[in-house]
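Visitor: Hi! I'm new to this one. Could you walk me through it?
Guide: Happy to. Let's bring it up and begin.

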Amino acid sequence: MKRKHFFGLLTIVLSIFVCSCSNNNKTDAAYVIKDNMIVFDEPERIEGQKSVLQLAVDPIPVVRMGFIGLGMRGADAVNRISHIEGVEFKALCDLLPERVASVQEYVIKAKNLPECAEYSGEEGWKQLCERDDIDLVYICTDWVNHVPMAVYAMQHGKHVAIEVPAATSVEECWQLVDVAEQTQRHCMMLENCCYDFFELTCLNMAQQGLFGEVIHAQGAYIHNLEPFWAHYQGNWRLEYNQKHAGDVYATHGLGPVCQVLDIHRGDKMDYLVSMSTPSINGLKIANETMGSETFANGDMTSTLIKTNKGKTILIQHNVYTPRPYDRLYQLTGTEGFANKYPYQGFTLKEENIPSDVIPDHEDLDSHGFVPNDIRDSLMVAYKHPIAKEIEEKAKQVGGHGGMDFIMDYRLIYCLQNGLPLDQDVYDAAEWSCLGELTAASIENNGMPVKFPDFTRGDWNKVKGYKHAVK
Ligand SMILES: NC(=O)c1ccc[n+]([C@@H]2O[C@H](COP(=O)([O-])OP(=O)(O)OC[C@H]3O[C@@H](n4cnc5c(N)ncnc54)[C@H](O)[C@@H]3O)[C@@H](O)[C@H]2O)c1
């Protein structure tokens, strides 16, 4: 074959291969299909880069902070954190200068705190990250800005906390992991649902064996966003969902159950399959507001995950149809069951509950929930030590009933005491990668998708999920 023809043929073969493996042009990421499973790239660790599993840095007695993104979520965060001792606010940044001015006026000045430096515009955040008087950069922008900002901040020596989801693609998840490992900085995703009171109590009960072995767990984000779409700055959220299939907001459902199942602390998520319904309501709202004729994100997306130990996790996403708010939180164990929505309750075996916890209870029925008074006694007896410590203040300060404050409090406490954070960069990557993994499965008729091992083989080194305490 002549050289010219050979290269022409090679180009055609390669382009067919790349097209068949690419994500329908919705992202640039490529994967291969091996043994009927979609497998994303798992780049090797670069020489000199080392794991940040259980990363602890020197204590930072006064945590100096900068905030990027002062919309609905960011402005609240500044207010919440102002209630924590041992924190100094140094800088505020938003695309829109008026949002910076408003937080400066209504939070910083109103509380008589020292005035913060102000940054705004598309790239003002870079100057904030370049300052040498900031320890922690707290990022609350739209999703596509999270990773570039976090990477730049870590490269400038800062620890980072990023709103959910931390990243929007597998490639971005690897960027967070790699840069955290290169810089040995903390990179925590702000998954607040891990700190809700019921979830914390259930985690404690699970760790004390009340449910036996937890073999199946469920979580979800089911929240009709119809009243909220117009409030996202520049319409970023609807625009993102219009372009992306899959469970684009999985971390509220996934985070708390991954902690119960010791993900990358003895078990790991091996593969998932995902399916979506057509987009009817999503398309309707995008058509009315943006004139869109297509909408990639199905109205209801359901995903099943299998772990290395053979356990299963069901995760759902629906932000489009009228339904009561539901995070579906559920644990099914060999000895018991916990359920959060719409009714908070437990099914437990009497012999597994210490008699001093509920001294004179009647026979428990393994077909129904324990009576409310017993449920309430269990909620007190198994209240998580962290909730015991900070519950009252958390409820006063608020933020989704207090869980947001507990999250911030724990982040600052761990930094002040030089402890590993409750959520590490591998959690951020494992929980955030669901967006692209589910999209790949959906686009290939529910084909299984292998989870990348972001710990690069270290998922079984730490035994059991723990909150660090001094
Ligand atoms: N954990 C939770 O319960 C929860 C709840 C709501 C939102 N969130 C997350 O918080 C984040 C923000 O959501 P929101 O509801 O506050 O949205 P929002 O639209 O109200 O706020 C986003 C802010 O980012 C700013 N921004 C955009 N580009 C910027 C840039 N280049 N530099 C600086 N600022 C920039 C915007 O001007 C805006 O003020 C999202 O990641 C979202 O998923 C989490």
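**A chat about helices and a ligand**

Guide: Let's start at one spot: just after helix 9, aspartate 262 takes a positive phi of about 55°. Keep in mind that this is a predicted model.

Visitor: Okay, and helix 9 itself: how many of its residues are buried?
Guide: In helix 9, 10 of the 10 residues are buried, so the helix is largely enclosed by the rest of the structure. Among them are His252, Pro256, Val257 and Gln259.

Visitor: At what angle do helix 9 and helix 14 pack?
Guide: Helix 9, residues 251-260, and helix 14, residues 425-432, pack at an angle of about 130°. Their axes are 9 Å apart. That angle makes helix 9 oblique to helix 14.

Visitor: Is the crossing of helix 9 and helix 14 left-handed or right-handed?
Guide: Right-handed, for helix 9 and helix 14.

Visitor: Which residues meet there?
Guide: From helix 9 you have Thr251, Leu254, Gly255 and Cys258, and they meet Asp427, Glu430, Trp431 and Ser432 of helix 14. By class, the residues of this contact of helix 9 with helix 14 are 3 nonpolar, 3 polar and 2 charged.

Visitor: Let's switch. How do helix 8 and helix 10 pack?
Guide: Helix 8 covers residues 236-243 and helix 10 covers residues 281-290. The angle between them is about 125°, and their axes are 11 Å apart. Helix 8 and helix 10 are therefore oblique to each other. Their crossing is left-handed.

Visitor: And what makes the contact between helix 8 and helix 10?
Guide: Helix 8 brings Leu238, Asn241 and Gln242, while helix 10 brings Gly282, Ile285, Ala286, Thr289 and Met290.

Visitor: How many charged residues does that contact of helix 8 with helix 10 have?
Guide: There are no charged residues in the contact of helix 8 with helix 10. The contact has 4 nonpolar and 4 polar residues.

Visitor: New topic, the ligand. How many residues surround it?
Guide: The ligand is surrounded by 25 residues, and the closest are Gly69, Gly71, Arg73, Glu163 and Gln233. By class, this shell has 12 nonpolar, 7 polar and 6 charged residues.

Visitor: Which helices and strands each supply at least two residues of the shell around the ligand?
Guide: Those are helix 2 (72-81), strand 4 (87-94) and helix 5 (143-155).

Visitor: Where does the largest share of the shell come from?
Guide: From helix 2, with 3 residues of the shell around the ligand.

Visitor: Great, thanks for the tour!
Guide: You're welcome!

Conventions. Residues are numbered from 1 along each chain as its sequence is written. This is a predicted model: local features need pLDDT of at least 70, side-chain atom pairs count only at pLDDT 80 or more; totals for chains, interfaces and linings use all residues. A residue is near a molecule or strand if its C-beta atom, placed from the backbone, lies within 6 Å of it. Helices (H or I, at least four residues) and strands (E, at least two) are DSSP runs, numbered from the N terminus. Ala, Val, Leu, Ile, Met, Phe, Trp, Tyr, Cys and Pro count as nonpolar, Asp, Glu, Lys and Arg as charged, and the others, Gly among them, as polar. Axes are lines fitted to C-alpha atoms, for helices over the stretch in contact, and angles run from 0 to 180 degrees between N-to-C directions. Angles under 35 degrees count as roughly parallel, over 145 as roughly antiparallel, 65 to 115 as roughly perpendicular and the rest as oblique. A crossing is left-handed if the near helix is turned anticlockwise from the far one by less than a right angle, and right-handed if clockwise. Two residues are in contact if their C-beta atoms, placed from the backbone, lie within 7 Å. A residue is buried if 20 or more other C-beta atoms lie within 10 Å of its own, exposed if 12 or fewer, and partly exposed in between; C-beta atoms are placed from the backbone.
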